[in-house]
Amino acid sequence: MTIDSSDLLKKAENVPTFDDVPWDFPVAWDPGGGESDGRAAVREVVHRYQRHGFAIVQLPRGTTGEHSLAPIAEALRLGAPFVPPLYRLNGNTPPVVSRISAGLNVSTPDATHPSFGRTSGQRLHTDGTLQDIGEIRTTLLLCQSVSRTGGDTRLFNATAAYAGLLATDLPAALALATPGCLVRRATVNGSDDFNAGPAFAVVDDQLVTRYSLTDTDRWEVPDGISADDLWRGTAYLEKCAEDPTLYRELRMAPAQVLVLANARLAHGRTAYTDDPRQPRCMFRTLHEREPSPELTPCP
Ligand SMILES: [Fe+2]
(Lines give C-alpha, C1' and ligand atoms only; values in the text may rest on other atoms or scores of the structure.)
Protein backbone atom coordinates (compact mmCIF):
# COMPACT_ATOMS: atom_id res chain seq x y z
CA MET A 1 0.00 0.00 0.00
CA THR A 2 1.32 3.44 -0.95
CA ILE A 3 0.94 6.18 1.63
CA ASP A 4 0.52 9.79 0.45
CA SER A 5 3.48 11.51 2.10
CA SER A 6 2.54 14.98 0.83
CA ASP A 7 -0.63 15.04 2.92
CA LEU A 8 1.23 13.87 6.05
CA LEU A 9 3.98 16.47 5.53
CA LYS A 10 1.47 19.27 5.00
CA LYS A 11 -0.60 18.45 8.11
CA ALA A 12 2.58 17.98 10.18
CA GLU A 13 3.04 21.75 9.91
CA ASN A 14 0.15 22.15 12.34
CA VAL A 15 0.69 20.00 15.42
CA PRO A 16 0.33 20.86 19.13
CA THR A 17 3.27 22.27 21.05
CA PHE A 18 4.18 22.21 24.74
CA ASP A 19 5.90 25.60 24.36
CA ASP A 20 4.52 28.18 26.79
CA VAL A 21 1.99 25.84 28.42
CA PRO A 22 0.55 27.71 31.45
CA TRP A 23 1.23 24.70 33.68
CA ASP A 24 0.37 26.46 36.94
CA PHE A 25 -2.69 28.32 35.68
CA PRO A 26 -5.68 26.09 34.94
CA VAL A 27 -8.74 27.60 33.31
CA ALA A 28 -11.12 28.72 36.07
CA TRP A 29 -14.55 27.23 35.49
CA ASP A 30 -17.23 28.80 37.64
CA PRO A 31 -20.84 28.04 36.72
CA GLY A 32 -21.95 30.98 38.86
CA GLY A 33 -19.61 33.42 37.15
CA GLY A 34 -22.07 34.68 34.55
CA GLU A 35 -22.50 34.08 30.84
CA SER A 36 -19.55 36.17 29.64
CA ASP A 37 -17.18 34.46 32.10
CA GLY A 38 -18.48 31.09 30.95
CA ARG A 39 -17.90 31.93 27.29
CA ALA A 40 -14.42 33.24 28.04
CA ALA A 41 -13.58 29.98 29.85
CA VAL A 42 -14.81 27.91 26.89
CA ARG A 43 -12.80 30.02 24.45
CA GLU A 44 -9.67 29.63 26.58
CA VAL A 45 -10.09 25.84 26.82
CA VAL A 46 -10.53 25.59 23.05
CA HIS A 47 -7.47 27.80 22.48
CA ARG A 48 -5.25 25.71 24.79
CA TYR A 49 -6.61 22.43 23.39
CA GLN A 50 -5.78 23.47 19.83
CA ARG A 51 -2.39 24.96 20.68
CA HIS A 52 -1.11 22.47 23.27
CA GLY A 53 -3.28 19.38 22.76
CA PHE A 54 -4.83 19.70 26.20
CA ALA A 55 -6.24 22.09 28.76
CA ILE A 56 -6.69 21.83 32.52
CA VAL A 57 -9.93 23.16 33.95
CA GLN A 58 -10.30 24.05 37.63
CA LEU A 59 -13.84 23.51 38.90
CA PRO A 60 -14.97 25.16 42.13
CA ARG A 61 -13.34 23.50 45.14
CA GLY A 62 -15.42 20.63 46.45
CA THR A 63 -16.91 19.72 43.06
CA THR A 64 -17.09 15.94 43.02
CA GLY A 65 -18.96 13.09 41.42
CA GLU A 66 -19.33 11.45 38.06
CA HIS A 67 -22.08 13.91 37.05
CA SER A 68 -19.61 16.81 37.09
CA LEU A 69 -18.31 15.97 33.60
CA ALA A 70 -21.59 16.29 31.68
CA PRO A 71 -21.91 20.12 31.99
CA ILE A 72 -18.33 20.54 30.77
CA ALA A 73 -18.92 18.23 27.81
CA GLU A 74 -22.06 20.20 26.97
CA ALA A 75 -20.36 23.61 27.24
CA LEU A 76 -17.52 22.40 24.96
CA ARG A 77 -20.00 20.86 22.46
CA LEU A 78 -18.39 17.44 22.75
CA GLY A 79 -21.63 15.49 22.25
CA ALA A 80 -22.72 12.44 24.21
CA PRO A 81 -20.00 10.23 25.74
CA PHE A 82 -18.79 7.36 23.57
CA VAL A 83 -18.88 3.86 25.05
CA PRO A 84 -16.64 1.31 23.27
CA PRO A 85 -18.81 -1.46 21.82
CA LEU A 86 -16.85 -4.22 23.59
CA TYR A 87 -18.16 -2.93 26.91
CA ARG A 88 -21.70 -3.75 25.72
CA LEU A 89 -20.90 -7.39 24.91
CA ASN A 90 -22.70 -10.20 26.74
CA GLY A 91 -25.68 -7.98 27.51
CA ASN A 92 -23.70 -5.58 29.68
CA THR A 93 -24.96 -2.03 30.13
CA PRO A 94 -21.84 -0.12 31.12
CA PRO A 95 -21.93 3.35 32.67
CA VAL A 96 -21.06 6.16 30.25
CA VAL A 97 -18.70 7.58 32.87
CA SER A 98 -15.82 5.28 33.83
CA ARG A 99 -14.54 5.33 37.40
CA ILE A 100 -10.77 4.89 37.66
CA SER A 101 -9.95 3.88 41.21
CA ALA A 102 -8.13 0.80 42.47
CA GLY A 103 -9.41 1.47 45.99
CA LEU A 104 -13.10 1.95 45.11
CA ASN A 105 -13.35 -0.65 42.31
CA VAL A 106 -12.13 -3.56 44.47
CA SER A 107 -15.41 -5.51 44.41
CA THR A 108 -16.60 -4.49 40.97
CA PRO A 109 -16.08 -6.00 37.49
CA ASP A 110 -13.41 -3.31 36.96
CA ALA A 111 -11.21 -4.68 39.77
CA THR A 112 -8.96 -6.46 37.26
CA HIS A 113 -9.00 -3.73 34.60
CA PRO A 114 -5.37 -2.60 34.09
CA SER A 115 -6.29 1.08 34.34
CA PHE A 116 -9.56 1.25 36.26
CA GLY A 117 -8.79 -1.26 38.99
CA ARG A 118 -5.05 -1.27 39.63
CA THR A 119 -2.43 1.07 41.09
CA SER A 120 0.22 0.10 38.55
CA GLY A 121 1.64 2.60 36.10
CA GLN A 122 0.28 2.84 32.59
CA ARG A 123 2.53 3.05 29.57
CA LEU A 124 1.83 5.65 26.92
CA HIS A 125 -1.32 4.98 24.95
CA THR A 126 -4.36 6.59 23.38
CA ASP A 127 -7.91 5.77 24.45
CA GLY A 128 -10.15 3.83 22.09
CA THR A 129 -7.46 2.06 20.07
CA LEU A 130 -9.96 -0.62 19.10
CA GLN A 131 -11.80 2.09 17.16
CA ASP A 132 -10.55 3.55 13.90
CA ILE A 133 -7.70 6.04 14.15
CA GLY A 134 -8.99 9.51 14.94
CA GLU A 135 -12.42 8.31 16.05
CA ILE A 136 -12.07 9.22 19.75
CA ARG A 137 -11.01 12.84 19.61
CA THR A 138 -11.35 13.91 23.21
CA THR A 139 -10.93 12.40 26.67
CA LEU A 140 -12.29 14.18 29.75
CA LEU A 141 -10.67 13.16 33.04
CA LEU A 142 -11.94 14.52 36.36
CA CYS A 143 -9.77 14.23 39.45
CA GLN A 144 -11.99 13.67 42.46
CA SER A 145 -9.31 12.63 44.95
CA VAL A 146 -5.55 12.19 44.71
CA SER A 147 -3.24 9.34 45.66
CA ARG A 148 -0.81 9.48 48.59
CA THR A 149 2.14 9.17 46.19
CA GLY A 150 2.45 8.87 42.42
CA GLY A 151 -0.48 8.72 40.04
CA ASP A 152 0.87 11.57 37.91
CA THR A 153 -0.57 11.97 34.43
CA ARG A 154 1.95 11.43 31.63
CA LEU A 155 1.56 13.43 28.41
CA PHE A 156 3.50 12.71 25.22
CA ASN A 157 3.13 14.98 22.21
CA ALA A 158 3.12 12.06 19.78
CA THR A 159 2.04 14.02 16.70
CA ALA A 160 4.78 16.64 17.21
CA ALA A 161 7.32 13.83 17.65
CA TYR A 162 6.04 12.22 14.46
CA ALA A 163 6.37 15.54 12.61
CA GLY A 164 10.06 15.41 13.52
CA LEU A 165 10.33 11.89 12.12
CA LEU A 166 8.64 12.96 8.88
CA ALA A 167 11.24 15.71 8.50
CA THR A 168 14.26 13.49 9.15
CA ASP A 169 13.43 9.91 8.13
CA LEU A 170 10.53 9.68 5.70
CA PRO A 171 10.69 5.87 5.12
CA ALA A 172 10.40 5.28 8.88
CA ALA A 173 7.54 7.74 9.12
CA LEU A 174 5.69 6.08 6.25
CA ALA A 175 6.10 2.67 7.91
CA LEU A 176 4.27 4.05 10.97
CA ALA A 177 1.48 5.36 8.73
CA THR A 178 0.93 1.98 7.08
CA PRO A 179 -2.25 0.12 8.10
CA GLY A 180 -1.46 -3.00 10.12
CA CYS A 181 1.68 -1.65 11.82
CA LEU A 182 -0.02 -1.23 15.22
CA VAL A 183 -2.25 -4.04 16.46
CA ARG A 184 -4.50 -3.64 19.48
CA ARG A 185 -6.23 -6.71 20.95
CA ALA A 186 -9.06 -6.49 23.47
CA THR A 187 -8.69 -8.25 26.80
CA VAL A 188 -11.81 -7.21 28.71
CA ASN A 189 -15.37 -8.50 28.84
CA GLY A 190 -14.56 -11.74 27.03
CA SER A 191 -13.90 -9.94 23.76
CA ASP A 192 -11.25 -11.09 21.29
CA ASP A 193 -11.77 -8.07 19.05
CA PHE A 194 -8.72 -6.45 17.52
CA ASN A 195 -7.78 -3.50 15.32
CA ALA A 196 -4.74 -3.57 13.06
CA GLY A 197 -4.35 0.01 11.89
CA PRO A 198 -1.74 2.68 11.30
CA ALA A 199 -0.13 4.55 14.18
CA PHE A 200 -0.44 7.91 12.39
CA ALA A 201 -2.74 9.18 9.65
CA VAL A 202 -4.44 12.24 8.26
CA VAL A 203 -8.13 12.18 9.15
CA ASP A 204 -10.47 15.11 8.48
CA ASP A 205 -7.53 17.33 7.49
CA GLN A 206 -5.66 16.70 10.73
CA LEU A 207 -2.61 14.61 11.65
CA VAL A 208 -3.84 12.09 14.23
CA THR A 209 -2.44 9.14 16.15
CA ARG A 210 -3.36 5.97 17.99
CA TYR A 211 0.18 5.54 19.39
CA SER A 212 -0.01 2.95 22.17
CA LEU A 213 2.59 0.88 23.98
CA THR A 214 0.54 -1.08 26.52
CA ASP A 215 0.61 -4.85 27.00
CA THR A 216 -2.37 -5.21 24.65
CA ASP A 217 -0.68 -3.35 21.78
CA ARG A 218 2.06 -4.62 19.51
CA TRP A 219 3.96 -3.50 16.44
CA GLU A 220 3.82 -5.65 13.31
CA VAL A 221 5.71 -5.24 10.06
CA PRO A 222 3.05 -4.79 7.34
CA ASP A 223 3.46 -6.40 3.91
CA GLY A 224 5.72 -4.35 1.66
CA ILE A 225 7.33 -2.47 4.56
CA SER A 226 10.95 -2.83 5.62
CA ALA A 227 11.30 -4.02 9.21
CA ASP A 228 14.28 -1.68 9.59
CA ASP A 229 12.12 1.28 8.65
CA LEU A 230 9.45 0.37 11.20
CA TRP A 231 11.89 -0.26 14.07
CA ARG A 232 13.76 2.98 13.35
CA GLY A 233 10.45 4.80 13.60
CA THR A 234 9.39 3.18 16.88
CA ALA A 235 12.85 3.77 18.39
CA TYR A 236 12.75 7.42 17.34
CA LEU A 237 9.41 7.96 19.08
CA GLU A 238 10.55 6.22 22.26
CA LYS A 239 13.57 8.52 22.32
CA CYS A 240 11.30 11.54 21.84
CA ALA A 241 9.37 10.49 24.96
CA GLU A 242 12.52 11.37 26.95
CA ASP A 243 12.56 14.91 25.54
CA PRO A 244 11.07 17.47 27.97
CA THR A 245 9.75 19.54 25.08
CA LEU A 246 7.60 16.57 24.02
CA TYR A 247 6.93 14.70 27.27
CA ARG A 248 5.67 15.99 30.63
CA GLU A 249 4.19 14.59 33.81
CA LEU A 250 1.64 16.54 35.81
CA ARG A 251 -0.12 15.95 39.08
CA MET A 252 -3.80 16.80 38.85
CA ALA A 253 -5.49 18.36 41.88
CA PRO A 254 -8.98 17.64 43.18
CA ALA A 255 -11.76 19.24 41.12
CA GLN A 256 -9.51 19.60 38.07
CA VAL A 257 -10.48 18.25 34.67
CA LEU A 258 -8.06 17.32 31.91
CA VAL A 259 -9.50 18.09 28.46
CA LEU A 260 -7.24 15.97 26.28
CA ALA A 261 -6.86 15.80 22.50
CA ASN A 262 -6.77 12.01 22.54
CA ALA A 263 -6.01 11.78 18.81
CA ARG A 264 -3.06 14.21 19.06
CA LEU A 265 -1.29 13.31 22.33
CA ALA A 266 -0.59 9.95 23.94
CA HIS A 267 -1.00 9.69 27.70
CA GLY A 268 -0.31 7.39 30.61
CA ARG A 269 0.01 7.31 34.38
CA THR A 270 2.72 6.70 36.92
CA ALA A 271 2.13 4.00 39.54
CA TYR A 272 0.57 5.16 42.80
CA THR A 273 -0.06 4.33 46.43
CA ASP A 274 -3.31 5.20 48.13
CA ASP A 275 -4.39 6.73 51.36
CA PRO A 276 -6.86 3.98 52.41
CA ARG A 277 -9.14 6.58 53.99
CA GLN A 278 -9.55 8.36 50.66
CA PRO A 279 -8.37 6.38 47.63
CA ARG A 280 -7.38 8.07 44.41
CA CYS A 281 -10.47 8.44 42.21
CA MET A 282 -10.82 9.80 38.69
CA PHE A 283 -13.82 9.86 36.34
CA ARG A 284 -13.48 9.61 32.56
CA THR A 285 -15.61 10.10 29.47
CA LEU A 286 -14.67 9.66 25.80
CA HIS A 287 -16.00 11.83 22.99
CA GLU A 288 -15.93 11.71 19.20
CA ARG A 289 -15.69 15.50 18.83
CA GLU A 290 -13.20 18.20 19.63
CA PRO A 291 -14.20 21.15 21.83
CA SER A 292 -15.86 23.97 19.98
CA PRO A 293 -16.76 27.50 20.99
CA GLU A 294 -19.52 27.56 18.40
CA LEU A 295 -22.99 27.94 19.78
CA THR A 296 -24.42 24.99 17.89
CA PRO A 297 -27.09 22.89 19.55
CA CYS A 298 -25.99 19.73 21.35
CA PRO A 299 -27.62 16.56 19.96
FE1 LIG B 1 -6.18 6.21 28.93
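Buried, throughout these legends, means a relative accessible area under 20%, exposed means over 50%, and partly exposed lies in between (1.4 Å probe, protein chains only). The views show a predicted model, in which local features need pLDDT of at least 70 and side-chain atom pairs count only at pLDDT 80 or more, whereas totals for chains, interfaces and linings use all residues. Residues are numbered from 1 along each chain as its sequence is written, and side-chain values use heavy atoms, with hydrogens and water left out.

**View A. The iron ion is held by two histidines and an aspartate, His 125, His 267 and Asp 127.**
The donors (N, O and S atoms within 2.8 Å of the metal, or 3.2 Å for Na, K and Ca; water is not among the atoms, so sites may look incomplete) are NE2 of His 125, OD of Asp 127 and NE2 of His 267, at 2.2 Å. Along the chain these donors follow the spacing H-x1-D-x139-H. Both His 125 and Asp 127 are buried.

**View B. An open sheet of four strands is paired in the antiparallel sense.**
Helices (H or I, at least four residues) and strands (E, at least two) are DSSP runs numbered from the N terminus, and two strands pair if DSSP finds at least two bridges between them. The strand order in this sheet is 4-15-7-13. Strand 4 (122–125) and strand 13 (247–250) are the edges, each with a single partner strand, so one side of each lacks a neighbour in the sheet. Neighbouring strands are turned against each other by 15 degrees on average, direction ignored; axes are lines fitted to C-alpha atoms, for helices over the stretch in contact, and angles run from 0 to 180 degrees between N-to-C directions. Strand 7 (residues 153–156) and strand 15 (residues 266–269) run antiparallel and are joined by four bridges, with Arg 154 standing opposite Gly 268 of strand 15.

**View C. An open sheet of six strands has mixed pairing and the order 1-2-14-5-17-3.**
Its edge strands, strand 1 (27–28) and strand 3 (98–100), each pair on one side only. Strand 3 runs antiparallel to strand 17 (residues 281–287), to which three bridges join it, and Ser 98 is found opposite Arg 284 of strand 17. Helix 2 (residues 35–52) packs on this sheet and touches strand 1, strand 2 (54–58), strand 5 (138–145) and strand 14 (256–261), while its direction makes about 150 degrees with that of strand 2.

**View D. Strand 10 and strand 11 form a hairpin that includes Phe 200.**
Strand 10 (residues 200–203) pairs with strand 11 (residues 206–209) in the antiparallel sense over four bridges. Two residues lie between the strands, and Asp 204 in the turn has a positive phi of about 50 degrees. Phe 200 has Thr 209 as its bridge partner and is buried, with a relative accessible area of 0%. Leaving aside neighbours within four places in sequence, Phe 200 is in contact (heavy atoms within 4.5 Å) with residues including Ile 133, Tyr 162, Leu 176, Tyr 211 and Leu 237. Lys 11, in helix 1 (residues 5–11), is buried as well, with a relative accessible area of 14%, and, with the same sequence neighbours set aside, its contacts are Val 202, Asp 205, Gln 206 and Leu 207.

**View E. The largest nonpolar core has 32 residues.**
Such a core is a set of buried Ala, Val, Leu, Ile, Met, Phe, Trp, Tyr and Cys residues joined through side-chain atoms within 4.5 Å. Among the residues with the most contacts inside it are Leu 8, Phe 156, Phe 200, Tyr 211 and Trp 219. Helix 4 (158–168), helix 5 (170–176) and helix 6 (227–240) each supply at least two of its residues, and helix 4 gives the most, with seven. Apart from this core lies another, of 24 residues, among them Val 27, Val 42, Val 257 and Cys 281. Helix 4 itself is mostly covered, eight of its 11 residues being buried, including Ala 158, Tyr 162 and Leu 166.

**View F. Cys 143 and Cys 240 are buried cysteines.**
A search of the whole structure finds zero disulfides (pairs of cysteine sulfur atoms within 2.5 Å). For Cys 143, the nearest cysteine sulfur, in Cys 281, is 8.5 Å away; Cys 143 counts as buried, at 1% relative accessibility. The sulfur of Cys 240 is 16 Å from the closest cysteine sulfur, in Cys 181, which is too far for a bond, and Cys 240 is buried, with a relative accessible area of 9%.
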